[in-house]
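Visitor: Could you take me through one part of this model at close range? I would like to start from a single loop and see what lies around the fold from there.

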Amino acid sequence: MSSSGVITQLVTDALSMNAAQDWEDVSLFTPYLNDQALMYDFADCLAVQTFLRMTSLPFNVRQRPNVDFISPDGVIPLLKINKTLITGFNAIVDFVHKKGVTLTSHLSEIQVADMRANISMIEHLLTTVEMFVLWKHDETYDKVTKLRYGSVYHWPLSSVLPFLKRRKVLEELADKDWDAKTMDEVGEQADKVFRALSAQLGTQKYLTGDLPTEADALLFGHMYTLITVRLPLTNITNILKKYSNLIEFTKRVEQQYFKQ
């Protein structure tokens, strides 16, 4: 790491310590990650955990069956600090930033713009790919989505709620003009994201160099989920496997922040 990188890391650590003074009894509420959370929700929950670990801010993960109902706007995960509730990856990142902790102080304005573009691409395009696979692809819906989404409810809600949710998601996909896409076309969209992120990463440790940013946390959440998820449909994961640097990035982040 360069001398400037060391200084930046020391500053980040100091800010984390200051923020931690009023960062007490912080809980991150998620669905049951192994049994209930759908792919894109799992990815976002993991991304927030990764981001908080990168900032060295302490927190507890609390898994609940009804987090989307507890959440004021239905967005998950849900961060609770004292009486304050913050929902979703971006809002949690912004909240932490307002407390004086950031992972981007070492970046130029151009790099910050690139980082935000990467976050937007992952959140909008890649998440839409994941939603399409889970809710539009019939076999995946029948064998995975419906069972996981309904797993915490008794019958008949275990059947009714997935049906209603599917109808809502398909309407959202239609609004984005995704309802008539084929799986090959969806795969092309996924490949577009992977190719762009792979090019940005190159041989670097992280997307912008030696130090992680919020975009790396979000990227890890989605890459790890896509690599480890078990679905009847494997084409998206197979496309991802073409980009070896993204696979290595995922292994590296997992080792550094989750296996120490």
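In which loop is S56 found?

Guide: Happy to. A word on the ground rules first: this is a predicted model, in which local features need pLDDT of at least 70 and side-chain atom pairs count only at pLDDT 80 or more, while totals for chains, interfaces and linings use all residues. Residues are numbered from 1 along each chain as its sequence is written, and side-chain values use heavy atoms, with hydrogens and water left out.

S56 is in the loop between α2 and β2. Helices (DSSP runs of H or I, at least four residues) and strands (runs of E, at least two) are numbered from the N terminus. Its backbone is worth a look, as S56 has a positive phi of about 65° although it is not a glycine.

Follow the chain out of that loop into β2 and you reach the sheet. Four strands make up this open sheet, in the order β2-β1-β3-β4 and with mixed pairing. β2 (60-63) and β4 are the edge strands, each pairing on one side only; two strands count as paired if DSSP finds at least two bridges between them. On average, neighbouring strands of this sheet are turned by 25° against each other, direction ignored. As background, strands of a sheet pair through backbone hydrogen bonds, either parallel or antiparallel. Between β1 and β3, three bridges are formed in the antiparallel sense, and S27 stands opposite K80 in β3.

Now for the helices that lie against this sheet. On the other side of the S56 loop, α2 lies across β1, β2 and β3 and runs at about 165° to β1. Helix α4 packs on the sheet too, touching β1, β3 and β4, and its direction makes about 130° with that of β4. Axes here are lines fitted to C-alpha atoms, for helices over the stretch in contact, and the angles run from 0 to 180 degrees between N-to-C directions.

Helix α4 (residues 89-98) rewards a closer look: F89, I92, V93, F95 and V96 are buried there. These residues lie on the same side of α4 because they cover an arc of only 160° around the axis, taken from the directions from the helix axis to the C-beta atoms. Buried means under 20% relative accessible area, exposed over 50% and partly exposed in between, with a 1.4 Å probe and protein chains only. The buried residues of α4 pack against β1 (27-30), α2 (39-55), β3 (78-81), β4 (84-87), α5 (109-135) and α9 (214-228), where contact means heavy atoms within 4.5 Å. Just after α4, G100 takes a positive phi of about 95°.

One of those partners, α9, carries two aromatic residues. F220 and Y224 both lie in α9, four residues apart, about one turn of the helix. F220 is buried at 1% relative accessibility, whereas Y224 is partly exposed at 23%. The structure holds nine aromatic pairs. F220 and Y224 form a tilted one, with 5.6 Å centre to centre and 40° between the planes. Rings of Phe, Tyr and Trp (its six-membered ring) pair if their centres lie within 6.5 Å; planes under 30 degrees apart are stacked, over 60 edge-to-face, and the rest tilted.

Back along the chain, two more loops share a theme with S56. P77 is found in the loop between α3 (67-70) and β3, and the peptide bond from I76 to P77 is cis, with omega near 0°. D177, in the loop between α7 and α8 (183-201), has a phi near 65°, again positive in a residue other than glycine. The side of D177 that meets solvent is easy to describe: D177 is exposed, with a relative accessible area of 62%.

To close, compare that with Y243, in the loop between α10 (235-240) and α11 (244-258). Y243 is buried, with a relative accessible area of 13%, and it touches D191, F194, R195 and S198, not counting residues up to four places away in sequence.
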